[in-house]
Amino acid sequence: MERDEMIEVVAAIIEFEGKLLAFKRGPAKYDYVSNKFEFPGGKVKKGEDHRIALSRELREELMLNADITDFVATLEHTYPDFSIKMHCFLVHLDRFEGQLTEHTSYAHISLKDADNLDWIQADRPVLKILREKFGNVFTN
């Protein structure tokens, strides 16, 4: 991959019972994303619709068939070895079984306490956007 190449990804901000679900990554190729919390999602395939990509990723990573609701934001972030363009969507769950295929654990946490988790850098600005635009969704 070219150093300047922008990787297009999607991310799910999952609301469950008025709180946020955050997922902890396992060990990774790069230390700066290893064992950190993130919003689940992944790479968009060439020509793939963002909502379809996110639905696919949620099925693969969490065994979830979820309704993708509100678009939240598109953000760009540059890590030392790669750059991403991340499209974030709100997802509401009525139930969550806690099935993880790619993550080591998860946190069910209030939006106000979310800063206490060790997030990957690209996801940190999303918390601010959530507080400003979607705080009423996260009631606990």
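Two strands pair if DSSP finds at least two bridges between them. Helices (H or I, at least four residues) and strands (E, at least two) are DSSP runs, numbered from the N terminus.

This is a predicted model, in which local features need pLDDT of at least 70, side-chain atom pairs count only at pLDDT 80 or more, and totals for chains, interfaces and linings use all residues. Residues are numbered from 1 along each chain as its sequence is written, and side-chain values use heavy atoms, with hydrogens and water left out.

**Strand 1**

Select residues 6-16, which form strand 1. Nine of its 11 residues are buried (under 20% relative accessible area, 1.4 Å probe, protein chains only).

Add strand 6, which pairs with strand 1 in the parallel sense over 11 bridges. Met 6 stands opposite Ser 83 there.

Now show strand 4, which runs antiparallel to strand 1 and is joined to strand 1 by three bridges. Ala 11 faces Gly 41 of strand 4.

Strand 2 is also antiparallel to strand 1, again with three bridges. Glu 15 has Leu 20 of strand 2 as its bridge partner. Between these two strands lie two residues of a hairpin, where Glu 17 takes a positive phi near 55 degrees.

**Helix 1**

Select residues 50-62. Their end C-alpha atoms are 18 Å apart, which agrees with the 18 Å expected for 13 residues, because the expected span is 1.5 Å times one less than the number of residues.

Among the buried residues of helix 1 are Leu 54, Leu 58 and Leu 62. At the helix start, a side-chain oxygen of Asp 49 comes within 2.9 Å of the backbone nitrogen of Arg 51. Just past the helix, Met 63 has a positive phi of about 55 degrees.

Notes:
Buried means under 20% relative accessible area, exposed over 50%, partly exposed in between (1.4 Å probe, protein chains only). Contact means heavy atoms within 4.5 Å. A polar contact is a pair of N or O atoms within 3.5 Å; within protein, one must be able to donate a hydrogen and the other to accept it, and residues adjacent in sequence count only if both atoms are side-chain atoms.
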